[in-house]
Amino acid sequence: MKRVTIRDVALQAGVSPATVSRVLNGYDIGHMRPETKARVLRAIEELEYTPVKAARVLRRQRTQTIAVLLPDISNPFFALLARGVESVAFTEGYSTLICDSNHSVEKESRYLDILLAEGVEGIVFIPVGRPDMDRVERLLRRGIKIVVADRRVEGLPVVEADNRGGSRELTEYVIGLGYQRVAYIAGPKEVSTAQDRLTGFLEALAEAGLKPLVVRHGNFTYESGYDHARKILQNHQVDVIMCGNDLMAIGAIRAAEDKGLRVPEDLGVTGFDHVPWSELMRPKLTTVEIPAYNMGQAAIRQFLKGDNQNRLLEVRIIPGATCARRR
């Protein structure tokens, strides 16, 4: 079947191909009679004409494509953030590419090269740690806008949550329940989000005159939460294990159960993020809600507006039932 072309639409509507092009590209406002535009739109519908994206790119030097480069698509927090980006991008006529670096700086760097070659217009970037800044600068020189989400990169606009404040508040809540022997499983040392949460935790403990029994660094995965919690429980008598995110907290709960401990009767556990999975847990996870979906929406809107200001989103405690008042 022959592909319908812009000339076919023009012939059907009784106008020139240039007139059809102006309608397709939004250049008709104030330059065309309404009845002419109506004829063009009717012809497009009748012929089921679909513009070729490659041709539009050549004419306008724009790909209408946004990339989301994130560390782990299997983590529901990042999946929700990406969904927030896509929801706004689709409404504004942009396609969205999802790129998963799988916690690898090398893979992340390779993706930055690929996105440069693909000519995306912008990137919502959640880095693994400190990214290759030479590659980042090269993207910026080529006019590709980058908005960082969740994790800070020096020199780039960021949309993030109040991780430090949320962690302080959660720790104060846990201390208020009577927990004294506190262990903490943090995220990676090179990730600003993990460091902010650890800082808030340590500040709240210090204000209460307490010190952490032990601090270990995981990588925000279920497996690292399980492994670190198992080692903590083998070597320390703890009342509560606080974790830098929900996936590690779920791993910690499983480690406690495998050791024959009950949560929260024998051990308290907290998370951070309030991913959808935490709502399915029994007992319900005590955590802090980070608005991941809204964060994604805010990041793509900053790209669309060309806004280089940093944004800090509010968080809130979800008390849950994996912590209980100590007797």
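**View 1. Here we look at F220, in the loop between β7 (214-217) and α10.** Keep in mind throughout that this is a predicted model. F220 has a phi near 70°, a positive value in a residue other than glycine. Is F220 buried or exposed? F220 is buried, because its relative accessibility is 5% and the buried class takes in anything under 20%.

**View 2. H274 is another residue to stop at, in the loop between β9 and β10.** Its phi is near 60°, again a positive value in a residue that isn't glycine. With a relative accessible area of 16%, H274 is buried.

**View 3. Two cis peptide bonds lead into prolines, P264 and P283.** The bond from V263 to P264 has an omega near 10°, and P264 sits in the loop between α11 and β9. For the bond from R282 to P283, omega is near 5°. You'll find P283 in the loop between β9 and β10 (287-289).

**View 4. Helix α1 (residues 6-13) has V9, A10 and A13 buried.** Looking down the axis of α1, the buried residues fall within an arc of 100°, so they line one face of the helix. It helps to remember that an α-helix has 3.6 residues a turn, so residues three or four places apart point the same way. The cover over the buried residues of α1 includes α2 (17-24) and α3 (34-47). Over on the other side of α1, R7 and L11 are exposed.

**View 5. Just after α1 comes G14, with a positive phi near 75°.** G14 belongs to the loop between α1 and α2. At 61% relative accessibility, G14 counts as exposed. For a sense of scale, pick out the C-alpha atoms of G14 and H217: they are separated by 69 Å, and the two residues are 203 apart along the chain.

**View 6. Strand β8 has buried residues pointing both ways.** V240 and M242 point one way, while I241 and C243 point the other, and all are buried. Which strands pair with β8? One of them is β6 (residues 182-186), which runs parallel to β8 and is joined to it by 4 bridges. Within that pairing, I185 has C243 as its bridge partner. Strand β9 (residues 268-270) also pairs with β8 in the parallel sense, over 3 bridges, and there T270 stands opposite M242. To get from β8 to β9, the chain crosses through helix α11 (residues 246-258), and this β-α-β crossover is right-handed.

**View 7. The largest nonpolar core is made of 45 residues.** Those with the most contacts inside this core are L81, M242, I290 and M295. Which helix gives the most to the core? That's α5 (residues 76-91), with 7 residues. Apart from this core lies another, of 24 residues, including A183, I241, I253 and V263. Back at M242, leaving out residues up to four places away in sequence, the residues it touches include L170, V174, V182, Y184 and F201.

**View 8. D196 and R152 meet in a salt bridge through their side chains, at 2.7 Å from N to O.** This pair links distant parts of the chain, 44 residues apart: D196 is in helix α9 (residues 192-207), and R152 is in the loop between β4 (145-149) and β5 (158-161). How do the two partners differ in exposure? D196 is buried, with a relative accessible area of 15%, whereas R152 counts as partly exposed at 38%. In general, side chains of opposite charge can pair when their charged atoms come close.

**View 9. R164 and E203 form a salt bridge, 2.2 Å from N to O.** Here the link runs from helix α8 (residues 163-176), which holds R164, to helix α9, which holds E203, and the partners are 39 residues apart. R164 is partly exposed, with a relative accessible area of 41%.

**View 10. D239 and R326 join side chains in a salt bridge of 3.4 Å, N to O.** The two are 87 residues apart, with D239 in the loop between α10 (222-235) and β8 (240-243) and R326 in the segment after β12 (316-318). D239 is buried, at a relative accessible area of 6%, and R326 is partly exposed, at 29%. Elsewhere, salt bridges that share partners tie D113, D132, R135 and R138 into one network. A search of the whole structure turns up 15 salt bridges.

Methods: Residues numbered from 1 in each chain as written. Predicted model: local features only at pLDDT ≥ 70, side-chain atom pairs only at ≥ 80, totals over all residues. Heavy atoms only, no water. Core = buried A, V, L, I, M, F, W, Y, C linked by side-chain atoms within 4.5 Å. Buried < 20%, exposed > 50% of the residue type's maximum accessible area, 1.4 Å probe, protein only. Contact = heavy atoms within 4.5 Å. Salt bridge = Lys/Arg side-chain N within 4 Å of Asp/Glu carboxyl O. Arc of directions from axis to C-beta. Pairing = 2+ DSSP bridges. Right-handed = clockwise from strand over helix to strand, strands pointing away.
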